[in-house]
Amino acid sequence: MRSYRELFRTPEFTPFFLAASAQTVAQTMGGLALGTLVYRATESPLLSAVSMFGSSLVQVLGATFLLSAADRLPPRAALTALPLLFAAATAALALPGLPVWALFVIVVAKGLVESVGGGVRWGLLNEILSKDGYLLGRSVFNMMSGLMQIAGYATGGALVALLSPRVSLLVAAALYAVAAAVVRLGLTRRPPRTTGRPSVAATWRANALLWSSAPRRQVYLALWIPNGLIVGCESLYVSYAPASAGTLFACAALGMLAGDVLVGRLVPPRLRPRLGFPLLLLLAVPYVPFLLHPRPPLAAAAVTLASVGFGASLVQQERLVALTPDALTGHALGLHSAGMLTMQGVAAALAGSVAQLTSPAVAMTAMATVSTAVTLTLMAAGRREERAVVPMAREA
């Protein structure tokens with residue numbers, strides 16, 4: 001599969017794509033509204049950051065106990081039920097007078113459900129397109145995510161400024177319901193990819209199998225840590241520049257869109273494997289000068305440039321799919337999604353804590369510096385492994 005036209009001619013891809021688009025807009029609108037609501041109530045960068053990305057913190061629990069369901073649930077039924085649950089949770093966040101602790105309880109519950117949803121969604125995408133079309137399909141989804149995030153943050157920012165965060169939350173809940181309807185009407189019924197009942201034991205066995213491969217371990221670490229730390233920087237946009245947070249989020253989405261077009265469509269397949277680590281460095285380095293507290297226009301330019309580096313995830317996901325048996329594809333991609341979101345939540349909490357003690361600008365520089373160091377460490381480990389493999393290949 002080599003063209004976008006061929007991709008959208010694939011049966012079921014278009015409704016699947018449209019449902020995910022509505023869900024992405026809902027997620028971005030809801031996140032910005034909730035972060036603003038909490039910041040207005042508490043004036044705390046930490047609580048604002050955690051409210052936006054806190055659901056990611058519990059993804060590790062889902063990956064540990066629930067992820068076997070990703071390949072054992074009927075995809076259409078699961079992808080219909082999940083956005084309905086998200087709609088109910090988002091509408092509940094808009095209730096007037098809801099205490100901050102109750103907001104966080106809902107955020108945590110939503111995160112547990114999301115940990116299974118990623119595996120179901122990306123496993124189904126691989127099933128619809130097959131492995132030879134997965135990278136192109138995922139790049140289109142990532143581009144859609146960038147565009148829909150721009151739309152979501154722009155719309156959400158306008159609703160927050162002109163009306164209120166609670167109105168934005170209610171609109172997001174309605175969009176989740178639309179996504180559920182599109183899935184139910186547009187996708188065909190499919191059996192689960194794997195037989196058996198979901199269980200904690202099955203989750204642990206599959207996790208152990210996936211983690212037992214050194215190449216897969218390195219791919220997971222590259223997918224989880226460097227970009228998770230940069231999401232920690234993003235979690236501070238509201239406290240760094242309250243009046244320009246929506247613009248910064250939109251610029252980040254625009255840069256991500258450019259990176260996905262570059263990697264998914266323009267770079268030849270033979271060159272893609274070489275781009276993973278350079279893109280991860282690009283993701284972090286533009287945030288280092290935030291210690292100088294650049295004004296919003298310069299900050300927006302730096303954020304846009306840095307976010308091109310998110311294209312590294314496409315390179316790494318392509319390698320992960322190639323290294324994974326078909327029966328575990330949903331689980332493997334779900335583990336990637338859950339681990340990535342968990343790291344994002346951890347990084348958001350860490351960045352918020354540093355910002356609480358220092359300032360958002362200092363925290364953003366610190367997170368970017370650590371991300372750069374992790375990427376350089378992974379690069380060195382990859383080169384050592386390559387040098388070890390070459391003599392073995394010659395001996396064989």
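Reader: Which residues do ring pairs link into a cluster?

Author: In this predicted model, the structure holds 11 aromatic pairs. Some of these ring pairs join up into a cluster, and its members are Phe13, Phe16, Phe17 and Phe141.

Reader: How are the rings of Phe17 and Phe141 arranged, stacked, tilted or edge-to-face?

Author: A pair of aromatic rings is described by the distance of the centres and the angle of the planes. For Phe17 and Phe141 the centres are 5.7 Å apart and the planes stand at 80 degrees. Planes over 60 degrees apart meet the cut-off, so the pair of Phe17 and Phe141 is edge-to-face.

Reader: Which parts does the pair of Phe17 and Phe141 tie together, and how many residues apart in sequence are they?

Author: Phe17 belongs to helix H2, whereas Phe141 belongs to helix H7 (residues 131–162). The pair therefore ties together parts of H2 and H7 whose separation in sequence is 124 residues.

Reader: Is Phe141 buried or exposed?

Author: Buried means under 20% relative accessible area. Phe17, its ring partner, counts as buried at 14%. Phe141 has a relative accessible area of 2%, so Phe141 is buried.

Reader: Where is Thr24, and with which residues is Thr24 in contact, leaving aside neighbours within four places in sequence?

Author: Thr24 is placed in helix H2 (residues 13–42). Its relative accessible area is 13%, and Thr24 is therefore buried. Leaving aside neighbours within four places in sequence, the contacts of Thr24 are Met144, Ser145, Met148 and Gln149.

Reader: Which element gives the most residues to the lining of the second largest cavity?

Author: The count comes to two cavities of 30 Å³ or more, and the second largest has a volume of about 70 Å³. Its lining includes Phe16, Ala19, Ala20 and Gln23. The elements giving two or more residues to this lining are H2 and helix H5 (75–93). With four residues, the element that gives the most is H2.

Reader: How do the lining residues of the second largest cavity divide into nonpolar, polar and charged?

Author: Among the lining residues are Leu79, Leu82, Pro83, Arg121 and Val183. Arg counts as charged, while Leu, Pro and Val count as nonpolar. The division of the whole lining is seven nonpolar, one polar and one charged.

Reader: With which residues is Met379 in contact, leaving aside its neighbours within four places in sequence?

Author: Met379 is part of helix H17 (residues 360–395), and its relative accessibility is 15%, so Met379 counts as buried. From Met379 to Ala222 the C-alpha distance is 9.4 Å, although 157 residues separate the two in sequence. Apart from neighbours within four places in sequence, the contacts of Met379 are Phe277 and Leu281.

Technical notes. Residues numbered from 1 in each chain as written. Predicted model: local features only at pLDDT ≥ 70, side-chain atom pairs only at ≥ 80, totals over all residues. Heavy atoms only, no water. Buried < 20%, exposed > 50% of the residue type's maximum accessible area, 1.4 Å probe, protein only. Contact = heavy atoms within 4.5 Å. Phe/Tyr/Trp six-rings, centres within 6.5 Å; stacked < 30°, edge-to-face > 60°. 1 Å grid on protein atoms, 1.4 Å probe; cavity = no way out; pocket = protein on both sides within 12 Å on 5 of 7 lines; lining within 4 Å. Points joined across faces, edges and corners; volume = space filled by probe spheres on them.
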